[in-house]
Amino acid sequence: MNANRNPGAEARDEHGFWVASRWLVLRRLTQLGILLLFASGPWLGVWIAKGTLASSMTLDVLPLTDPLIVLQSLAARHVPETLALVGASIVLAAYMLVGGRLYCSWVCPINPVTDLAAWARRRLDIKKGWALKPAARYWVLAGVLIASAMTGTIAFELINPITTLYRNLLFGLSWGLSLIGLIFLFDVFVARNGWCGHVCPVGAFYRLLNSNSVLRVSARGRERCDDCMDCYAVCPEMHVISPALKAKDNQSPIIADPDCTSCGRCIDVCPERVFTFTHRFDHKIDRQMPPEKQSARAVPLDKVA
């Protein structure tokens, strides 16, 4: 990709701001909407969702619990309450259906921080960084469970930046913001997509739920790809793209790698509209080239033998 290229600029010029940014806008609105559900109580006295993303009760009816919390509790030899088990089962079933890493891009409040870090990294043209092993996050996840077993506590919640950020935003605290700042700096200057892609045990856990989920991104229009590389530039897990985008003949265009966060940024920034949201059973490929592409790729008459 051209170092001076601004990913998504061509898509905005050709299709307008909304088409070139809609999934990003919808993600931010979803993250903000979830935050406001929790904030309505401490800010306005209207308690819609009580708690945090770790464990909550919505409208005094719907319990939701992060399954990783339950796992840590079991490792610590504490039997969770029935409501916690019910809440974890609901969350587990939902993310197994739509895709575990949807949590990372559509729900987690750290995502805007790491997205901002990725943008800053591109603007500063930082190309190199610490190449963390893909298995690193699983070692961290295992370490969290071991720590819970050894201490008899839900160990990760003592430092979990997701819960920390929610508590700081909801109750006007500031002591945990330094941790969020460290994650930002880590992603900018140390490792590309370092926290979400290589360290966060919550992301590692939800990745395990992503193997057979229904919601997928498809490179259905891959025959229109002009190798501008904008999708790779903005994708937080760029290695997931090639197997679908560069597949041969009738091979599936579905991005099946469980690392995919279904953020939709590849859909947004692609000027050729190569990508789309679909389901895992949709293997259709667009065979027809748009008229402007057909003419662009046509062989000039004076070149015909």
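Reader: What length does helix 2 (residues 17-44) span between its end C-alpha atoms?
Author: Glad you asked; this is a predicted model, in which local features need pLDDT of at least 70 and side-chain atom pairs count only at pLDDT 80 or more, while totals for chains, interfaces and linings use all residues. Residues are numbered from 1 along each chain as its sequence is written, and side-chain values use heavy atoms, with hydrogens and water left out. Helices (H or I, at least four residues) and strands (E, at least two) are DSSP runs, numbered from the N terminus. A straight helix of 28 residues would span 40 Å at 1.5 Å a residue (the expected span is 1.5 Å times one less than the number of residues), but helix 2 spans only 34 Å.

Reader: Which residue is the kink in helix 2 centred on?
Author: The bend at a residue is the angle between axes fitted to the seven residues ending there and the seven starting there. In helix 2 there is a kink of about 45 degrees, and its centre is Trp23.

Reader: Which residue with a positive phi follows helix 2?
Author: Before that point, helix 2 has buried residues (under 20% relative accessible area; exposed is over 50% and partly exposed lies in between, with a 1.4 Å probe and protein chains only), including Ala20, Arg27 and Phe38. After helix 2 comes a phi near 80 degrees, and it belongs to Gly45.

Reader: How does helix 6 (residues 111-123) fare on the same test: what does it reach from its first C-alpha to its last?
Author: Helix 6 has 13 residues, with 18 Å expected at 1.5 Å a residue. Its reach is close to that value, at 18 Å.

Reader: Which helices do the buried residues of helix 6 pack against?
Author: The buried set in helix 6 is Asn111, Val113, Thr114, Ala117, Ala120 and Arg121. Contact here means heavy atoms within 4.5 Å. The partners are helix 2, helix 5 (102-107), helix 9 (177-190) and helix 10 (194-199).

Reader: Just past helix 6, how far apart in space are Ile126 and Val190, C-alpha to C-alpha?
Author: Helix 6 is followed by Asp125, which has a positive phi near 55 degrees, and Ile126 lies in the loop between helix 6 and helix 7 (136-151). Ile126 is partly exposed, with a relative accessible area of 24%. Neighbours within four places in sequence aside, Ile126 contacts Arg121, Val188 and Phe189. Ile126 and Val190 are 64 residues apart in sequence, and in space their separation is 9.7 Å.

Reader: Turning to the sheet, which are its edge strands?
Author: Two strands pair if DSSP finds at least two bridges between them. Three strands form an open sheet in the order 1-2-3, with antiparallel pairing. Those that pair on one side only are strand 1 (49-51) and strand 3 (62-65).

Reader: What is the bridge partner of Ser55 in strand 3?
Author: Strand 2 (residues 55-58) and strand 3 run antiparallel and are joined by four bridges. The two form a hairpin with three residues between them, and Leu59 in the turn has a positive phi of about 55 degrees. For Ser55, the partner in strand 3 is Thr65.

Reader: What angle does the direction of helix 4 (residues 82-98) make with that of strand 3?
Author: Helix 4 packs on the sheet, touching strand 2 and strand 3. Strand 3 has a covered face, Pro63 and Thr65, and an uncovered one, Leu62 and Leu64. Axes are lines fitted to C-alpha atoms, for helices over the stretch in contact, and angles run from 0 to 180 degrees between N-to-C directions. The angle between helix 4 and strand 3 is about 75 degrees.

Reader: Why does Cys200 form no bond with Cys196?
Author: A disulfide is a pair of cysteine sulfur atoms within 2.5 Å, and by this rule the count comes to zero. Cys200 is buried, with a relative accessible area of 7%. Its closest cysteine sulfur, in Cys196, is too far for a bond, because the separation is 6.3 Å.

Reader: And which cysteine holds the sulfur closest to that of Cys263?
Author: Cys263 counts as buried at 9% relative accessibility. The closest sulfur is 6.0 Å away, too far for a bond, and it sits in Cys235.

Reader: Where does Met229, with its positive phi, lie?
Author: Most residues other than glycine have a negative phi. Met229 has a positive phi of about 75 degrees although it is not a glycine, and it counts as partly exposed at 31% relative accessibility. Its place is the loop between strand 4 (215-218) and helix 12 (230-234).
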